[in-house]
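Colleague: I would love a close look at one part of this model. Could you walk me through it once it is on screen?

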Amino acid sequence: MSQDVTENGAVNNQGRPHQLTAADRCDACGAQAYIRVVVKNSELLFCAHHGRKHQEKLASIAESWHDESSRLLEDQRS
């Protein structure tokens, strides 16, 4: 299940409206992106590692935080 966190901290767990695909790559390292952050109407994509690394700094300025890193656990169970 994906999560969308808006600028006011609300979390939206309704389905996967903006699911990231294997074509979406981390801006920091090029790995598959599982996190999408919108800052000043610009989109940043991160792998789970870099998303966690930058979360504290970006949380205060992010307009939205879309996290699908839970899919990593789903992939391992399959």
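How far is the sulfur of Cys29 from the closest cysteine sulfur, and which residue holds that closest sulfur?

Modeller: Happy to take you through that. Please keep in mind that this is a predicted model. The closest cysteine sulfur to that of Cys29 belongs to Cys26, at 3.8 Å. A disulfide needs two cysteine sulfur atoms within 2.5 Å, so the sulfurs of Cys29 and Cys26 are too far apart for a bond.

Cys26 comes up again when we turn to Cys47. For the sulfur of Cys47, the closest cysteine sulfur is also in Cys26, here at 3.9 Å, and this too is too far for a bond. In keeping with both cases, searching the whole structure gives zero disulfides.

The surroundings of these cysteines are worth a look as well. Cys29 has a relative accessible area of 45%, and because exposed means over 50% and buried under 20%, Cys29 is classed as partly exposed. Cys47, on the other hand, has a relative accessibility of 8% and counts as buried. For the chain as a whole, 31% of the 78 residues count as buried, and Cys47 is one of the buried residues.

Now for the setting. The protein chain has two helices and five strands, and their order from the N terminus is β-β-β-β-α-β-α. Strand 3 covers 35-39 and strand 4 covers 42-46, with Lys40 in the loop between them. Asn41 sits in that loop between strand 3 and strand 4 too.

That loop has some backbone geometry to inspect. Most residues other than glycine have a negative phi. Lys40 is not a glycine, yet its phi is positive, at about 50°. Asn41, also not a glycine, has a positive phi of about 60°. Both side chains can be placed on the accessibility scale: Lys40 counts as exposed at 70% relative accessibility, and Asn41 is exposed with a relative accessible area of 71%.

To finish with the wider picture, consider contacts in the protein chain between residues at least 6 apart in sequence: 40% of them join residues at least 24 apart. The chain exposes about 5,100 Å², and carbon and sulfur atoms supply 48% of that area.

Note on methods: Residues numbered from 1 in each chain as written. Predicted model: local features only at pLDDT ≥ 70, side-chain atom pairs only at ≥ 80, totals over all residues. Heavy atoms only, no water. Buried < 20%, exposed > 50% of the residue type's maximum accessible area, 1.4 Å probe, protein only. Helix = DSSP H or I, 4+ residues; strand = E, 2+ residues; numbered from the N terminus. Contact = heavy atoms within 4.5 Å. Areas by Shrake-Rupley, 256 points an atom, 1.4 Å probe, with all protein chains shown as cover.
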